[in-house]
Amino acid sequence: MPRETHTLTFNAPVPKAYKSGSAHRYSWEGVALMGILNVTPDSFSDGGQHLGPEAALAQAATLIKDGATVLDVGGESTRPGAEPVAAETELDRILPVLRGLRGTEVLISVDTYKPEVAAEALRAGAHLVNDVTGLRDPEMVRVCAEIGAPAVVMHMQGTPRTMQRAPHYDDVQRVVLTELRANAERALAAGVPSVMLDPGIGFGKTLEHNVTLLRGLFELVALRYPVLLGASRKGLIGVLSGDAAGAGVGAGERDFGSVALHLWGAQQGVAMVRVHNVAAHAQALKVWAALEGGADGRA
Ligand code: HH2
């Protein structure tokens, strides 16, 4: 089976993009890797590890060396129960890192749902926006359209503070697909140059909701937008691997299960996976792609 080509469109030049009319297109084959760079004290897996710019830039260099195509820089944890932080705090954390990353040969996304943070981050060198609220705020749509930056439209029910209290859907697959498609169409109609869709694993979802969405990823892929999947080290990896309370296995010990889950997504056609351990995923995806594509693995 030939590997699928995926494309994101920007209205400004970005590393490794080609010009097509007034647009700049960034294309890749198969599954690309988005490396997670949380510049926060409290992220569920890597909180506090890369808080200062020096530590963050060292981690960025590792993620790039290991094969990341995109670095996702975030200054606020959105784990269940997390309290929001002020825009100024988020910017103080991420701006030095974004400035330090200028000139690198990878794409930089900013993981924020605040339009004012996105605008500043895009001006400081980020190329796209990763919005866990799925462009709920019309001002975020306006910022992305005006600057000409693509956006990740992720599905979340509620807000991080309360989303895991009692998630409820009549038909989770239908609701998530319908909302993502509507938000994508609204964004594109308003001038956002392109979008990726993300089912939002763990965001206002029970284990059963997550599993339903993971089993039906091919339907999200069939909407013909690039799909991003992010389950790296999340609680469901612990639960699915036999740790019923999801507490016995530390987040840092969930890379094996994360790789398995993301390969499951690859099999269904996702375009990108958002991961902490880029090296492990790069190796696994190369092996999978070699077998899947009939290549000899040396490509
Ligand atoms: N998950 C997290 C944060 N941002 N963005 C997208 N598009 N998809 C995701 O699944 C996603 C995301 C949560 O993970 P992490 O960044 O590791 O933790 P925290 O929110 O605690 O910083």
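Two residues are in contact if their C-beta atoms, placed from the backbone, lie within 7 Å. Helices (H or I, at least four residues) and strands (E, at least two) are DSSP runs, numbered from the N terminus. A residue is buried if 20 or more other C-beta atoms lie within 10 Å of its own, exposed if 12 or fewer, and partly exposed in between.

The structure is a predicted model, in which local features need pLDDT of at least 70 and side-chain atom pairs count only at pLDDT 80 or more, while totals for chains, interfaces and linings use all residues. Residues are numbered from 1 along each chain as its sequence is written.

**Exercise 1. Determine which elements the buried residues of α10 pack against, and where on the helix these residues lie.**

Step 1. Helix α10 comprises residues 278-293, and its 16 residues should span 22 Å at 1.5 Å a residue. The expected span is 1.5 Å times one less than the number of residues. The end C-alpha atoms of α10 are 21 Å apart, which agrees.

Step 2. Val278, His281, Ala284 and Leu285 are the buried residues of α10. Seen down the helix axis, they fall within an arc of 130 degrees, so they line one face of α10. The arc is that of the directions from the helix axis to the C-beta atoms.

Step 3. On the other side of α10, Val287 and Leu291 are exposed.

Step 4. The packing partners of the buried residues are β4 (32-38), α1 (53-66), α9 (255-267) and β11 (272-275).

**Exercise 2. Analyse helix α5 and its part in the largest nonpolar core.**

Step 1. A nonpolar core is a set of buried Ala, Val, Leu, Ile, Met, Phe, Trp, Tyr and Cys residues joined through C-beta atoms within 7 Å. The largest one has 82 residues, of which Leu71, Val73, Ala151, Val153 and Val227 touch the most other members. Helix α5 (residues 172-189) supplies the largest share of this core, six residues.

Step 2. In α5, the buried residues are Val172, Val176, Leu177, Leu180, Asn183, Ala184 and Ala187. They cover an arc of only 140 degrees around the axis, which puts them on the same side of α5.

Step 3. The face turned away from this buried side carries the exposed residues Arg174, Thr178, Ala182, Glu185 and Ala189.

Step 4. The buried residues of α5 pack against α4 (138-147), β8 (151-154), β9 (195-198), α6 (207-215) and α7 (217-221). Valine 153, placed in strand β8, is in contact with residues including Leu180, Asn183, Ala184 and Ala187, its neighbours within four places in sequence being left aside. Valine 153 is buried, with 30 other C-beta atoms within 10 Å.

**Exercise 3. Establish how strand β5 is enclosed and how it is joined to β4.**

Step 1. Five of the five residues of β5 (residues 70-74) are buried, so the strand is largely enclosed by the rest of the structure.

Step 2. In a regular strand the side chains alternate between the two faces of the sheet. Val70, Asp72 and Gly74 point one way from β5, and Leu71 and Val73 the other way.

Step 3. Leucine 71 touches Gly35, Leu37, Ala60, Leu63, Leu101, Val106 and Ile108, not counting residues up to four places away in sequence.

Step 4. Strands pair if DSSP finds at least two bridges between them. Five bridges join β4 to β5, and the two run parallel. Asparagine 38 stands opposite glycine 74 in β5.
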